[in-house]
Amino acid sequence: MDRLRPRSRSVFSGFTNSEIEKMEKVLRETKGQTLTQDFYQKLTKSFNYSSGRAGKPLLKWTEMESWFQTRLQESPQPQVLENELVSPQGLQCKHGEIVRDPSELEFEARSSKDEAWYDVETFLAHRFLSTGEAEVKVRFVGFGAEEDEWVNIKSSVRERSVPFENSECSGLKTGDPVLCFMERRDQAIYYDAHILEIQRRMHDIRGCRCHILIRYDHDNTEERVRLRRLCHRPRS
């Protein structure tokens, strides 16, 4: 049997022109992300306390919600799911695909701005694109809201990488994927790389002294590094 469609509701039209302009601006700035009840209630309260609503009926947050939902359905933006993305069984990405519950793990995400990986502080929102791909909006550790970013779940979110122990260098092989700490004049960040060559050295009190030649995936540059600058994917 087909799923029942929600009953249509008439859209509240008692907003002032100024209020509609503000809501249109919010709609553009949020770019299709999920809006919460708390958001609607705060915006409704700010409108009710404004001088422009003097002598007019007080707004209800449900009227605000109805307006935004109608506008989202009319716009060509990516579809935003109202259901929670995270379920007890895991993270639903696409028909039948499951990612483990983020509440049990620590994550890193790849920024589209520089292709580097950063630790994730929190997942703020989620959406499905028209292609069926899932995206999450992340806040990176140590960065503010202005650096929040939408990233693809499948290709740009993963469990946090783990630094190598000194004793693990014996298991390294040419071709192994690693996450390398790249030091530059203005910043130090992590990039995906592959091992090209390993020059084994005797360990001393300082730890592993091997020289490891790596090639960065994002720009194909090469660098010889120590083990302390490398991380590996979590092992099951």
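A charge sits over a ring if NZ of Lys or CZ of Arg is within 6 Å of the ring centre and within 35 degrees of the ring normal. The close-ups below come from a predicted model.

**View 1. Arg 127 over the ring of Trp 150.** The charged end of Arg 127 sits 3.9 Å from the centre of this ring.

**View 2. Arg 158 over the face of Trp 117.** Here the distance to the ring centre is 3.6 Å.

**View 3. Phe 39 and Phe 68, an edge-to-face pair.** The model holds ten aromatic pairs. In the pair of Phe 39 and Phe 68, the centres are 5.9 Å apart and the planes meet at 80°. Phe 39 belongs to helix H2 (residues 37–48), and Phe 68 to helix H3 (residues 61–74), so the pair ties together parts that are 29 residues apart in sequence. Phe 39 has 25% relative accessibility and therefore counts as partly exposed. Phe 68 has a relative accessible area of 0%, so this residue is buried.

**View 4. Trp 67 and Phe 68, an edge-to-face pair.** Centre to centre, the rings of Trp 67 and Phe 68 are 5.0 Å apart. The angle between their planes is 80°. Both residues are buried.

**View 5. One aromatic cluster of Phe 39, Tyr 40, Trp 67 and Phe 68.** Tyr 40 joins Phe 39, Trp 67 and Phe 68 in this cluster. Trp 67 and Phe 68 are its buried pair from View 4, while Phe 39 is partly exposed.

Key
Residues numbered from 1 in each chain as written. Predicted model: local features only at pLDDT ≥ 70, side-chain atom pairs only at ≥ 80, totals over all residues. Heavy atoms only, no water. Phe/Tyr/Trp six-rings, centres within 6.5 Å; stacked < 30°, edge-to-face > 60°. Helix = DSSP H or I, 4+ residues; strand = E, 2+ residues; numbered from the N terminus. Buried < 20%, exposed > 50% of the residue type's maximum accessible area, 1.4 Å probe, protein only.
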